[in-house]
Amino acid sequence: MKNKPRLVAPSVLSANFLRLEDELNELISARADFIHFDIMDGVNVPNISFGFPVLEAINAFGKFPIDVHFMIQSPLSYLEQVISYAAVENVSIPIEHFDFQACMNLVTPSRVSFGAVLNPETPISSLSPYLEQIDRVLLMSVKPGFGGQKFIEDTYQKIEALKSLLDSISKKIHIQIDGGVDTAIARKLFDLQVDSVVCGSSLFKSNSYYMFIREMKNPE
Ligand code: DX5
Ligand code: ZN
């Protein structure tokens, strides 16, 4: 268990879009593991991010798996197109979304893995009916919609509750934490056996992505 890979997923929401290719190349050199791609529509959350043209560009870049986090009103209408991009390896949908079940039914037979997003106020117990079908749990550690917010400390207890729930089943489900993660928090999260952390503003504001990710991943 101690040697579990410590996966870091930069959230491209905080990248400099004037020089996106350079940013991605720098993240490759920094040993980032995959790109987290937040799709927001201004309805499901009070912010608008980006959509297919940017997803297509990162797919064409070709060197990163992409993890898509939906925060839109109609994910079902766009899922088939999203999972048709070769680089998309995971999509995650908020568990309380009215189309959650339909989205899961569409994605799980495909090559793409499927994640359930739990927003900060959503209890761990809401996952119970879906454990058979999901591959990942994305715990939001900030309110969805914006980068640069403060990590919610209650997330640590939530992780413990999630681990207890997952211990009761034999299937391996990936645990991902998203929001407000800096290097010190990432290390705590990895010590709790979290599989991956999403990191936006603190990483993109740092002087060296390489040093930042190294610090996140290395226990010392
Ligand atoms: C927030 C998004 C996050 C965000 C993380 O709704 O889901 O992925 O980009 O950014 P930071 O690390 O700045 O909180
Ligand atoms: Zn996200």
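This is a short conversation about the ligand and some salt bridges in a predicted model.

Reader: Before we start, how should I read the numbering and the cut-offs of this model?
Author: Residues are numbered from 1 along each chain as its sequence is written, while chains are lettered from A and ligands numbered from 1 in the order in which they are written. As this is a predicted model, local features need pLDDT of at least 70 and side-chain atom pairs count only at pLDDT 80 or more, whereas totals for chains, interfaces and linings use all residues, and side-chain values use heavy atoms, with hydrogens and water left out.

Reader: Which residues come nearest to ligand 1?
Author: Of the 20 residues around ligand 1 (those with a heavy atom within 4 Å of it), Ser11, Gly145, Asp178, Gly200 and Ser201 come nearest.

Reader: And what kinds of residues make up that shell?
Author: The shell divides into eight nonpolar, 10 polar and two charged residues, where Ala, Val, Leu, Ile, Met, Phe, Trp, Tyr, Cys and Pro count as nonpolar, Asp, Glu, Lys and Arg as charged, and the others, Gly among them, as polar.

Reader: Switching topic, how many salt bridges are there?
Author: The count comes to nine salt bridges, each a side-chain nitrogen of Lys or Arg within 4 Å of a carboxyl oxygen of Asp or Glu. One of them joins the side chains of Asp191 and Arg6, at 3.0 Å from N to O.

Reader: Is Arg6 buried or exposed?
Author: Arg6 counts as buried because its relative accessibility is 16%, and buried means under 20% relative accessible area, exposed over 50% and partly exposed in between, with a 1.4 Å probe and protein chains only. Asp191, at 49%, counts as partly exposed.
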